[in-house]
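Got the structure open in your viewer? Here's a short tour, one selection at a time.

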Amino acid sequence: LNGTSTSDAPALVHTTEVIIPRTIVDEVKKKYFTLKGYCYNTDVSFSHSDSKSKQFAKMTLSAELEGDLHRALEYLNTELTQMCLLAGAPMTSIGVYKDLGFLGGELSSDDSRFLFLSGRRSSSKTTTECSEDLRSSTFAKSFEEANRCSIWVQAEEDMGRVSHNRIINEANPNKPRKIFFGVAPSRLQVLWGYLKTRILDLTRGVQFLHLGSDRIYQRALLEPIKKNGRPGTNNYFFDFVQKTSGASVRIDSITGSSHLRIDGGDASQGGEAGSRAVNEKIDVAEELISLQIELLRDHHIRKQRWGFGRDWALLLDSDHVNRNKNNNPSSPKIGEGASGSTSTHQDVSTTHAAASKPTSTADSLRLSDPRAVGTACLEISEIVTGAGLSEKVAAHACIIFYRYINLLLPSHANDNSLNTSFKLRDIQLASLFIANKSQKVVKWKRLEAVLEHAYRVFYPGSFFNPESEEAKNWERRVIKAEKTVLSALNYDVFWPGVDWVINAVVGTKAMAEPLAENAMALALSGHVLAAGPVLWLKYGPKYAFAAIAGFLSIDIEPLFPALSLQPLTVSHAAELIYQTCQALSKVKKSVVLQSKHELFSDSNISLMGMNIQQVQKDCVTYISKHQGAQTIDDSKFVSSPAYKEISERAKLRCVFRGVRSDKIEEKILPVLGKICFESKCTIRFSDGMLEGTNDIVLEGSWKALSIAEQLLCFVASLPAPVPFEQSVAQNAMLYSALAGVHAPQHDLKPPGDNDNVIKQVKIQPGLLDMKKIDGKHGWYGTFDDSSETPYDAGWKTCVAAYAPQEHLDLAGLRWWVPHQYGPSLSGSLCEIFSSPKLINHDSVDMRALALLAQSFAGGYSRLQAKYPALASFLSGPEGEEAQESDRSVVAISLQRWPPEKIEMKERSTSGQNMQMGYSVAALQEMQLLHQLHFLIPSPQGHPNFILPLAIALDSESSNEDEKESSAAPGS
């Protein structure tokens with residue numbers, strides 16, 4: 001096929017090879033003559049696999065006519081696939097049988113390493129595997145996902161066989177490598193052509209930038225820049241990159257959306273100087289793309305909720321926790337291709353700097369069996385019921401439990417490293433104790449009460465003595481486990497709850513309130529809580545609620561628009577619940593763990609299977625009825641109509657139209673950050689309809705708009721703004737007059753802001769170090785260094801302080817840093833208003849680009865580390881100027897957490913009973929604020945309450961003195 005042919009034969013003979021998994025080799029040998037008989041005009045024979053592990057067998061096919069060979073391969077593919085299905089052969093993550101493939105062709109050893117391995121070997125590689133682990137290659141992984149196939153290359157350690165007491169055909173550095181594809185034979189030539197094309201591109205010096213999780217910004221990178229019809233050559237961002245760097249950029253057609261193809265020219269021509277010039281173009285192009293993605297990330301994350309904590313739904317989605325066990329919470333940054341000659345690696349994907357070799361909690365606790373986790377959740381639910389607490393406490397405890405066991409911890413951290421001496425029940429009770437203390441629906445239960453009810457569940461019929469040595473030992477373990485859970489999760493233990501689901505369905509009249517509360521109570525029962533982290537961390541309670549409503553034969557069609565649900569995800573959530581109930585029905589449980597609801601009883605599992613078919617049917621019916629409708633956005637904020645109205649009031653808009661650009665540059669841009677901070681108003685810029693003018697768009701509450709309007713009119717003597725809707729209409733009329741009757745109809749759309757929010761995963765919840773925060777000098781130096789007196793600002797309960805921008809960047813709080821440039825409505829690099837201007841008279845100012853990157857990075861030294869190619873366009877500052885360049889501080893407000901009086905009161909009551917553990921008041925305050933702000937679908941949450949952004953810990957006092965870095969809409 002694409003293999004070798006005999007040159008000395010009188011007729012051309014086409015040959016190819018097929019690898020067969022060991023699990024079906026015996027079955028193939030039994031049917032060998034039958035298989036061979038149906039391969040007409042084709043010679044089929046077994047050949048040496050040259051494998052030390054003998055995990056696969058190899059067959060060789062040869063035929064004079066290529067058509068006969070193709071028909072034989074198609075027949076064998078059908079038969080071998082059926083054999084694998086009957087034998088239950090293992091499959092890859094994309095649904096292809098492992099070690100089953102057809103030969104695509106041969107690559108030289110250098111080309112193979114160049115294409116796949118990128119000079120790296122997987123640390124998890126074992127000598128018992130017969131194929132190379134290509135998961136470390138971003139190209140191989142993306143290629144397999146985009147083309148729905150598997151790539152199989154025999155491992156070097158596995159090559160060779162024993163013949164006459166000696167090993168022959170072992171691997172050597174120059175031995176060619178055969179590439180097999182797990183795919184239908186009809187697609188072999190196409191896939192092999194893709195690989196050959198990629199090798200030719202790499203040889204020319206083309207770089208491929210791996211986007212990783214940043215591929216969500218691909219559509220934004222492809223959108224037109226100039227939407228208002230003003231003349232300009234940079235109509236698209238990639239056009240701007242090509243004009244600026246000289247390298248052309250486009251989406252890689254082979255791997256789909258995961259890679260960008262950057263072509264700076266032929267590096268094989270012009271010798272070393274030519275190769276250096278090509279690499280310089282590519283370096284500039286890569287840094288421009290990286291800067292644009294960071295600007296887009298910053299633009300969209302400022303539209304998300306700002307509260308403390310990670311977004312676990314996107315976190316699990318980016319790490320594919322449901323596909324593998326490698327649950328790394330750090331999403332990969334944009335890849336960086338190494339610069340050099342044609343031997344340069346294809347692509348290198350990087351992760352955040354804080355990542356190191358992780359230790360899996362699930363592995364150390366031996367939680368490979370999901371039934372152990374399911375039983376643990378059942379026990380948590382039963383303990384909560386026995387203690388008289390709400391079922392929401394059980395759900396909160398299971399959320400904390402799932403977060404902990406699915407989080408990868410850095411092995412170099414001392415306090416955050418996993419203590420393997422903990423038992424599973426210690427983590428259960430620690431999670432439950434934290435959730436119990438965080439709620440204020442009923443009075444929280446002290447540790448002795450929690451342990452007493454847990455003892456009844458763990459050991460039915462036994463008596464618990466709180467004064468016994470066993471109880472004291474249990475107390476110490478649970479308190480120690482609580483500290484470990486809080487430290488490992490960086491205090492990200494707060495949960496928005498489920499009230500927002502009830503408010504949304506009742507407010508939109510999708511379901512009656514009593515019926516909704518009953519369905520939610522059942523969704524928070526032990527069997528549903530045991531459905532796993534995919535349901536409760538990735539999908540969330542709204543999908544568990546919808547699935548249970550379907551099980552109860554409730555009409556779920558109104559729930560799809562009310563909760564912004566994806567029908568296929570609802571179907572999968574129902575499957576997860578059903579599979580969990582099936583697994584738990586086979587586990588021997590005590591009487592106390594038996595389900596109190598007939599839906600989850602062991603005798604009704606078959607009835608539940610019929611219900612799930614109805615749920616899936618309802619989902620398919622909804623999809624078929626709404627095929628032409630707009631696709632439901634699952635990431636859209638969900639809230640009740642009343643809370644949405646509060647959110648809309650915080651997003652009022654007005655605009656100053658036609659402001660001269662020189663006035664903005666001289667008077668507004670130097671004080672832009674201070675105006676935004678004082679007013680809590682979002683200020684963005686767009687091109688005006690006339691050359692040399694810009695529109696200034698204000699967004700915020702009426703109070704924020706009034707303050708920002710007053711300040712802008714004062715510093716720049718501007719006329720009163722107009723409402724944004726009126727501005728759009730007037731701009732449309734003006735544009736129609738300017739465009740004329742000959743303008744294309746699709747270009748007559750007035751400029752406007754796209755309200756769609758690209759939700760970016762929050763990697764860090766926001767944990768700061770008090771040693772890096774200066775609370776002695778207030779906000780002095782955060783906006784204008786000309787001020788000689790410190791700012792005396794803040795509230796009665798807050799302290800004005802500042803923190804370095806670099807520290808906020810590392811804590812995931814880059815979006816809190818004030819802009820030093822004029823952000824655009826779309827987040828596009830080419831529409832940003834900066835001084836000096838990026839694009840002036842249709843030419844790009846590289847120094848202005850470098851200054852913009854420096855302000856975004858937070859100093860010249862960090863610019864050199866993150867954008868070295870752009871840094872080369874600036875002369876490095878020296879002495880005091882260099883220190884001032886890197887001194888970028890941001891104003892924050894500190895509030896004691898918990899308040900000092902409450903902390904003294906809690907400490908005074910300690911010693912009377914079992915330990916309290918972490919402060920109850922601190923946990924309750926953060927939990928209530930977290931729930932309150934989550935109800936309002938806007939970045940700043942509820943306008944009348946302080947919004948907690950981060951937690952600052954005093955590391956020198958062993959986390960005993962905690963403070964909360966917070967800011968309110970009035971700060």
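Which strands does helix 28 lie across? Select residues 702-716 to find out: helix 28 lies across strand 14, strand 15 and strand 16, and runs at about 145 degrees to strand 16. Keep in mind along the way that this is a predicted model.

Now bring up the sheet itself. It's an open one with 4 strands in the order 15-16-14-17, paired antiparallel. Strand 15 (682-687) and strand 17 (722-723) are at the edges with a single partner strand each, so one side of each has no neighbour in the sheet. Next, pick out helix 26 at 661-668, which also packs on the sheet and touches strand 14 (652-660), strand 15 and strand 16. The direction of helix 26 makes about 110 degrees with that of strand 14.

Zoom in on strand 15 and strand 16 (residues 693-700), an antiparallel pair joined over 6 bridges. Click threonine 682, and you'll find glutamate 699 of strand 16 opposite.

Time to move to helix 12 (residues 370-386) and helix 13 (residues 391-405). Their axes come within 9 Å and cross at roughly 150 degrees, so the two helices are roughly antiparallel. The crossing is right-handed. Show the side chains at the contact: among them are Val373 and Ile380 from helix 12, with Phe401 and Tyr402 from helix 13. The contact residues come to 12 nonpolar, 1 polar and no charged.

Last stop: helix 17, residues 499-507, where Trp500, Val501, Ile502, Ala504 and Val505 are buried. Add helix 18 (513-523), helix 21 (541-551), helix 22 (559-563) and helix 36 (920-935) to see what those buried residues pack against. Just past helix 17, look for lysine 509, with a positive phi of about 60 degrees.

Key:
Residues are numbered from 1 along each chain as its sequence is written. This is a predicted model: local features need pLDDT of at least 70, side-chain atom pairs count only at pLDDT 80 or more; totals for chains, interfaces and linings use all residues. Side-chain values use heavy atoms; hydrogens and water are left out. Two strands pair if DSSP finds at least two bridges between them. Contact means heavy atoms within 4.5 Å. Axes are lines fitted to C-alpha atoms, for helices over the stretch in contact, and angles run from 0 to 180 degrees between N-to-C directions. Buried means under 20% relative accessible area, exposed over 50%, partly exposed in between (1.4 Å probe, protein chains only). Angles under 35 degrees count as roughly parallel, over 145 as roughly antiparallel, 65 to 115 as roughly perpendicular and the rest as oblique. A crossing is left-handed if the near helix is turned anticlockwise from the far one by less than a right angle, and right-handed if clockwise. Ala, Val, Leu, Ile, Met, Phe, Trp, Tyr, Cys and Pro count as nonpolar, Asp, Glu, Lys and Arg as charged, and the others, Gly among them, as polar.
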